There are 2 protein chains.
Amino acid sequence: MSAHPGLAYPCLDTPRERAVGYDAVMETELAPARTGGRLVELGPGLALPGFTLTLSPNEEAFGEEEEADFVYKVLSGAVRTTRLLSDGRRQIGAFYLPGDVFGLEFGPVHRFSAEAVTQTDVAIVRRSAVERAAERDPAIARQLWTLASHELADLQDHMLLLGRKNASERVASFLLKLSRRAHSRVIELPMSRCDMADHLGLTLETVSRTMSQMARSHAIDLPNARRVVVHDLEALAA
Amino acid sequence: MSAHPGLAYPCLDTPRERAVGYDAVMETELAPARTGGRLVELGPGLALPGFTLTLSPNEEAFGEEEEADFVYKVLSGAVRTTRLLSDGRRQIGAFYLPGDVFGLEFGPVHRFSAEAVTQTDVAIVRRSAVERAAERDPAIARQLWTLASHELADLQDHMLLLGRKNASERVASFLLKLSRRAHSRVIELPMSRCDMADHLGLTLETVSRTMSQMARSHAIDLPNARRVVVHDLEALAA
DNA sequence: CGCAGGTTTGACTTCACTCAATCGGCGTGG
DNA sequence: CCACGCCGATTGAGTGAAGTCAAACCTGCG
């Protein structure tokens, strides 16, 4: 689960074995620590019975092409959704922080795999339960559409970022988004430089250099590698 | 509608005036040629009353931030959805070809503007009619989810392309997708090199060079600038 | 203390961008 | 019919932003 051969692609363990053998993880349906049932609040006024479980760093919640049988909500920690090219190049679709719902699909299968960035508690609800609730109650259906809507909006913003922004604009946009989301100038980065790079379509070195440069120009403070104080990024974010 | 000042950004007319004054186009609700009512088939078994209209090249169907009151289907021609950065950099989200549905939003407003690439006939259906139909008939609701699902899948594929593929992989993927969609090795490109570039996150020169190189290596034929015969692109598409 | 992981920094390379000239097809008007 | 101009596409030369490879640097931990 941790050792792996010297692979061309830089960061992260299990880039390859995941792609071929991830289903082993789920073979007992939900292998990791599964605690008792409870009500899970997927959105405002959208509470459904479900379970919670704990994922250790880099552990998978679900894999690409797997049946999308559950909907997830982050309780603590952070989750990333990833997609791989056959040669190991990786794209991180999004990061999900406490309160965020992920794994909500339109189709029958997941199009990304989802892994814990750090130790993470997630709540899960059976998709069938969600769908039944949505059919019963139009307000719930609307809630789900709102969730999907925000997700899609993020995705489209990100497409513009990947297609047309340069390195410092990408990093600035990303940090700014985290800062807004946290309602704070001080942000704690749960993810590595490599995760950021794979999200922003850059290399980890470029991310690091860009952040150092931002610190030098006092656009941010960087008390340590995983903590950022945002000062003046609006102008850089394009 | 065609003359415009010398602008930093290369291609296409009305890059700037669109962003500020597009609503003028729609001020009479639906200004362009609007022909009589008819049944519009949005999906298999999803026919609703609507209208058809004709858009001339570069004419807008709707603008970013506009109310999403209609759902559209391409009857002939081609449509692109675009998003602009304040300095004019442009990202084309997707191209829609005959049979494709676009403008279907989760939220109340459009997040992209949509413009005709060439002269284009589109059918439009009131969104409220679509929503009412979906509430009446779960099969229709499922149809809509399927449409949304495919759209999202495309978007996610495209994110991987923009984040992690190089120029020739991008162009190859794009041409291959068009070829599959047309069920033909011979494809007719309705869009300019610049449109392709703004979709693929490249410059028009790089797109042109890449296609020339593919022709030289016999991966494609290029009988003329707007026609491509696909021979051997799978290996290049990554 | 020493190792392992992630991070930073440096030197060098390269892929794609920029700027600019040329080409080619098409429509218009002499 | 041909010449001209226009617009998009192509090609070339040179540059630069980000990538690659590699070394050094932290920081936490056994």
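**Entry 1: relation of the copies.** I take superposition to mean a least-squares fit of the copies on the C-alpha atoms of residues with pLDDT of at least 70 in both. The model I examined is predicted. In this fit, I found that a turn of 180° and a shift of 0.0 Å along the axis lay chain A on chain B with an RMSD of 0.0 Å. I therefore recorded the two copies as related as by a two-fold rotation axis. I noted also that the same surface serves both copies, since 97% of the contact residues of chain A recur in chain B.

**Entry 2: extent of the contact.** I looked up the residues taking part and found 35 from chain A and 34 from chain B. The area buried between chain A and chain B is about 3,600 Å², and carbon and sulfur atoms give 65% of this area. I noted that A:Phe106, A:Met159 and A:Arg164 supply 25% of the area that chain A buries against chain B, more than any other three residues.

**Entry 3: polar and charged pairs.** I recorded six salt bridges between chain A and chain B. One of them joins the side chains of A:Arg89 and B:Glu169, at 2.8 Å from N to O. Across the interface I also recorded 16 residue pairs in polar contact.

**Entry 4: elements at the interface.** On the side of chain A that touches chain B, I found at least two residues from each of strand S5 (79-84), strand S6 (90-96), helix H3 (138-164) and helix H5 (193-200). H3(A) gives the largest share, 14 residues. I sorted the residues of this side of chain A into 16 nonpolar, nine polar and 10 charged.

Terms used
Residues are numbered from 1 along each chain as its sequence is written. Chains are lettered from A and ligands numbered from 1 in the order in which they are written. This is a predicted model: local features need pLDDT of at least 70, side-chain atom pairs count only at pLDDT 80 or more; totals for chains, interfaces and linings use all residues. Side-chain values use heavy atoms; hydrogens and water are left out. Contact means heavy atoms within 4.5 Å. Buried area is the accessible area (1.4 Å probe) that two parts lose on being put together, summed over both. A salt bridge is a side-chain nitrogen of Lys or Arg within 4 Å of a carboxyl oxygen of Asp or Glu. A polar contact is a pair of N or O atoms within 3.5 Å; within protein, one must be able to donate a hydrogen and the other to accept it, and residues adjacent in sequence count only if both atoms are side-chain atoms. Helices (H or I, at least four residues) and strands (E, at least two) are DSSP runs, numbered from the N terminus. Ala, Val, Leu, Ile, Met, Phe, Trp, Tyr, Cys and Pro count as nonpolar, Asp, Glu, Lys and Arg as charged, and the others, Gly among them, as polar.
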